[in-house]
Amino acid sequence: MSRPVPVLGAGGWGTALAVAVARADREAILWARRPDFASRLAEVRENREYLPGVSLPDTVTVTSDLKSAVAAADFALVVVPSVGVPELLAALPRELGVVLCAKGLAPDGGRLTDLARELGLTHVAVLSGPNHAEEVGRGLPAATVVASADPDLAQAVQAALVSPALRVYTSTDELGVELGGVLKNVIALAAGMGDGLRLGDNAKASLITRGLREMGRYLEALGAHEDTVYGLSGLGDLVATATSRHSRNRAAGEAIARGESPAQGGKVVEGLRTAGLLDVWATAHGHDLPIVRAVAKVTGGEWTPAMGLAHLMERDAKPELEG
Ligand SMILES: NC(=O)C1=CN([C@@H]2O[C@H](COP(=O)(O)OP(=O)(O)OC[C@H]3O[C@@H](n4cnc5c(N)ncnc54)[C@H](O)[C@@H]3O)[C@@H](O)[C@H]2O)C=CC1
Ligand SMILES: O=C(CO)COP(=O)(O)O
């Protein structure tokens, strides 16, 4: 019999993934950090704070006991926001496989997969794609990709999630899949600012296209497979996030452009943290990431959204395919 799948983190995405595991006819153990929150979720069977309207199937159990959650597992889905990933990984048994689902970076701006390996975890994978929790939780059709240097782990994760509602692909390009999800949040913030400034459909399409190009340049510089940026974790997630009413990153950008707080009701907005980390990386390594620069300056409070727009529109004219 297949072992239960621990899903560590009971926000919107962790809850939706636990439901997806149940839909794949596997038992899920949903771990929440706060005992009172876990008790309430176990009783009410609906995550009213982070994913309202989605009932937990009977095959999802809820706990706040991390040790027991992972005790019988081969691998766990790690679904807390990137700021919480280092502490959680440090508390896991070294032999456990970890599937990193956060779309953010480590505190030093590095990759979460590198951090996992530095902590002695050797079975590492990432899961990423155009996957709004609100839709996956409801069983609307979606596709995603699990990438790992360890093909057995990638296939085990695929088997634990695949169902008629969720098509799960595998990839060996862990770096490309991981960083696509990180970058697209920053471009989605810019798209939201465009929405807030009422820049129109041409601007949105141009931003997505040039954003994809920027993502491709960054991924290539770091050694990703050249096609990954055009896959689910790149183009797919960029379109889903930059255009969706569900996206917190897009909504945060829109709020900033309206002069409001970017906070999204206590839900994580990864791009706000990522933009500055990526801009520092680009400056240190001599890479030109103009959209990242504009978003970092605006979210850092140095530029207004209008100044960010001018930074992008008034750059030197050049051939489309050059950079
Ligand atoms: N919401 C979505 O549709 C998707 C989110 N993601 C990614 O998944 C990650 C988690 O996002 P969501 O579930 O949406 O977040 P959320 O904002 O819905 O919930 C965050 C959850 O993490 C908990 N948490 C916060 N800080 C923590 C810490 N230091 N340690 C442990 N738990 C902590 C909170 O109590 C809450 O339960 C993010 O990196 C996000 O980019 C990826 C795909 C889809
Ligand atoms: O990653 C996501 C969809 O694939 C969720 O995006 P937001 O974090 O912007 O809501």
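This report covers the surroundings of ligand 2 and the packing of two helices in a predicted model.

**The annotated region**

UniProt, in an unreviewed entry, places the feature "domain: Glycerol-3-phosphate dehydrogenase NAD-dependent C-terminal" at residues 173-305. Over residues 173-305 the chain is 71% helix and 0% strand. The end C-alpha atoms of this stretch are 34 Å apart.

**Around ligand 2**

Ligand 2 is surrounded by 14 residues. Asn131, His132, Ser247, Arg248 and Asn249 are the closest. Three elements give two or more residues each to this shell: α8 (174-196), α10 (232-243) and α11 (248-257). The largest share, 3 residues, comes from α10. By class, the shell has 3 nonpolar, 7 polar and 4 charged residues.

**α8 against α11**

Both α8 and α11 also pack against each other, at an angle of about 40 degrees. Their axes are 6 Å apart. That angle makes α8 oblique to α11. The crossing is right-handed.

On the α8 side, the contact includes Asn185, Leu189, Met193 and Asp195. On the α11 side, Asn249, Arg250, Glu254 and Ile256 are among the residues met. Asn249 is thus listed twice: among the closest residues to ligand 2, and in the contact of α11 with α8. The residues of this contact divide into 10 nonpolar, 5 polar and 3 charged.

The class make-up of the two sets is set out below.

| Set | Nonpolar | Polar | Charged |
|---|---|---|---|
| Shell around ligand 2 | 3 residues | 7 residues | 4 residues |
| Contact of α8 with α11 | 10 residues | 5 residues | 3 residues |

Terms used
Residues numbered from 1 in each chain as written. Chains lettered and ligands numbered in written order. Predicted model: local features only at pLDDT ≥ 70, side-chain atom pairs only at ≥ 80, totals over all residues. Near = placed C-beta within 6 Å. Helix = DSSP H or I, 4+ residues; strand = E, 2+ residues; numbered from the N terminus. Nonpolar A, V, L, I, M, F, W, Y, C, P; charged D, E, K, R; others polar. Axes fitted to C-alpha atoms, helices over the stretch in contact; angles between N-to-C directions. Parallel < 35°, antiparallel > 145°, perpendicular 65-115°, else oblique. Left-handed = near helix turned anticlockwise from the far one by under 90°. Contact = placed C-beta atoms within 7 Å. UniProt positions renumbered as here; feature names shortened; annotations may be inferred.
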